[in-house]
Amino acid sequence: MMAVDIDVVNITHAIQQAVAPVFLLAGIGGILNVLTNRLARIIDRTRLLHNRLETVSEERSAVIREELATLTRRARVVHRAIGFSTTSALLVCVVIAMLFVSAVMGWNGSIVVASLFVFAMCFLIAALTGFLYEIQLATSIMLNGP
């Protein structure tokens with residue numbers, strides 16, 4: 001009976017420890033939603049400009065090509081940010097799994113969990129930096145013209 005009580009206590013403690021990373025996971029999911037929406041808008045704008053390209057003058061064509069080049073840069077930046085965010089989310093999932101494994105198996109995985117969490121934060125920082133850079137690229141089009 002005592003071993004069952006200890007296991008329940010360990011699992012309950014693991015669940016308590018996993019709550020904070022789960023909230024982090026929800027936040028990363030929100031960031032991924034924003035990034036995928038931005039990528040979809042970039043793709044829509046690119047398709048629109050490609051369609052216009054066939055019917056405009058050479059002067060206007062040069063302006064459109066310049067905007068398309070900027071949109072391509074933006075899409076690449078967002079794509080990388082999505083990759084970094086997804087990697088961060090996956091690492092947070094591994095952290096949560098490791099918390100449960102260490103609780104159930106009685107294994108001290110603190111170094112592994114801490115390392116994975118630091119890596120997850122590094123990838124999240126990279127994703128947010130990419131998001132900021134993409135916002136700057138989008139704003140520069142608005143401020144400086146296409």
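**Helices, core and pocket of the predicted model**

Immediately following helix H2, Gly106 adopts a positive phi of about 70 degrees. Helices here are DSSP runs (H or I, at least four residues), numbered from the N terminus. The structure is a predicted model, in which local features need pLDDT of at least 70 and side-chain atom pairs count only at pLDDT 80 or more, whereas totals for chains, interfaces and linings use all residues. Residues are numbered from 1 along each chain as its sequence is written, and side-chain values use heavy atoms, with hydrogens and water left out.

Gly106 belongs to the loop between H2 and H3. With a relative accessibility of 66%, Gly106 is classed as exposed; the classes are buried (under 20% relative accessible area), exposed (over 50%) and partly exposed in between, for a 1.4 Å probe and protein chains only. The C-alpha atom of Gly106 lies 8.7 Å from that of Asn10, although 96 residues separate the two along the chain.

The helix preceding this loop was examined for its span. The 48 residues of H2 should cover 70 Å at 1.5 Å a residue, and the 69 Å between its end C-alpha atoms agrees with this value. The expected span is 1.5 Å times one less than the number of residues in the helix. For H3, with 35 residues, the distance from the first C-alpha to the last is 50 Å, close to the expected 51 Å.

The largest nonpolar core comprises 25 residues, and those with the most contacts inside it are Ile28, Leu68, Val78 and Ile82. Such a core is a set of buried Ala, Val, Leu, Ile, Met, Phe, Trp, Tyr and Cys residues joined through side-chain atoms within 4.5 Å. At least two residues of this core come from each of H1, H2 and H3, and H2 provides the largest share, 13 residues. Leu68 is in contact (heavy atoms within 4.5 Å) with Thr46, Leu49, His50 and Leu53, residues up to four places away in sequence not being counted. The C-alpha atom of Ile82 is 9.3 Å from that of Asn33, at a sequence separation of 49 residues. Asn33 is located in helix H1 and is partly exposed, its relative accessible area being 44%.

Further along the chain, Ile96 is placed in helix H2 and counts as buried at 13% relative accessibility. Beyond four places in sequence, Ile96 touches Ala18, Pro21, Val22 and Leu25. The C-alpha atoms of Ile96 and Ala14 are 8.6 Å apart in space, with a sequence separation of 82 residues.

In H3, the buried residues are Val113, Leu116, Ala120, Leu124, Ala127, Gly130, Glu134, Leu137, Ala138 and Ile141. Within this set, Glu134 has a relative accessible area of 1% and is therefore buried. Apart from neighbours within four places in sequence, Glu134 contacts Arg38, Ile42, Arg74, Val77 and Val78.

The largest pocket has a volume of about 230 Å³. On a 1 Å grid over the protein atoms alone, a pocket is an open set of points where a 1.4 Å probe fits, with protein on both sides within 12 Å along at least five of seven lines; lining residues have an atom within 4 Å of a point. Grid points are joined across faces, edges and corners, and the volume is the space filled by probe spheres set on the points. The lining consists of Arg38, Arg41, Ile42, Arg45, Glu67, Leu71, Arg74, Ala138 and Ile141. Helices H1 (2–53), H2 (58–105) and H3 (110–144) each give two or more residues to this lining, and H1 supplies the largest share, four residues. By class, the lining has four nonpolar, no polar and five charged residues, where Ala, Val, Leu, Ile, Met, Phe, Trp, Tyr, Cys and Pro count as nonpolar, Asp, Glu, Lys and Arg as charged, and the others, Gly among them, as polar.
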